[in-house]
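Here's a quick tour of a two-chain model and of how its chains meet. Have a look at it first.

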Number of protein chains: 2
Amino acid sequence: MKARVHITLKRGVLDPQGKTIARALGSLGFAGINEVRQGKTVEIDLAETDAAAAHSTVAAMCAKLLANPVIEDYRIDLAEG
Amino acid sequence: MKARVHITLKRGVLDPQGKTIARALGSLGFAGINEVRQGKTVEIDLAETDAAAAHSTVAAMCAKLLANPVIEDYRIDLAEG
């Protein structure tokens, strides 16, 4: 079973990487950019085949290692295979 | 219009960040992890309201700045608002 974890900074948390990308895009001539925010994804290929068990395992991974719950939100998508 | 760009390393490209996460999860006691790969997402809030125009702008941003087409694949999702 494959899990994809999307980790994004919470609204209101300053995102210097996003600001830098927005500035770089502007200097490349792209106009009309209101905001850019950067996040990360972690794709985990698990031996577990039960969706509910996989979800709770991945949620525990997020809480212990993958995400910083003080400043980040995360979303877990599961897919077969 | 909001665009979300998902950037992942191409299959076959070594992913040391993913390997490190897999090892760290293993040492935290999580078993049954076949593979971990890390990617990134860039959320861009555009003034453009036409989906086709927004898509081609974001594809140009990917080609010029956001992704390295030699080693990375990208996927663009568009959403209203």
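Two strands pair if DSSP finds at least two bridges between them, and the strands themselves (E, at least two residues), like the helices (H or I, at least four), are DSSP runs numbered from the N terminus. With that in hand, look at where the chains join: 13 bridges link E2(A) to strand E2 (residues 33-46) of chain B, and the two run antiparallel. Lys40(A) has Lys40(B) in E2(B) as its bridge partner.

This is a predicted model, where local features need pLDDT of at least 70, side-chain atom pairs count only at pLDDT 80 or more, and totals for chains, interfaces and linings use all residues. Residues are numbered from 1 along each chain as its sequence is written, chains are lettered from A and ligands numbered from 1 in the order written, and side-chain values use heavy atoms, leaving out hydrogens and water.

On its own, chain A has two helices and three strands, in the order β-α-β-α-β from the N terminus.

What does the meeting of chain A and chain B add up to? In contact (heavy atoms within 4.5 Å) are 32 residues of chain A and 32 residues of chain B. The largest share of chain A's side, 14 residues, comes from E2(A). Here's how the residues of that side divide, with Ala, Val, Leu, Ile, Met, Phe, Trp, Tyr, Cys and Pro counted as nonpolar, Asp, Glu, Lys and Arg as charged, and the others, Gly among them, as polar:

| Class, side of chain A that touches chain B | Count |
|---|---|
| Nonpolar | 15 residues |
| Polar | eight residues |
| Charged | nine residues |
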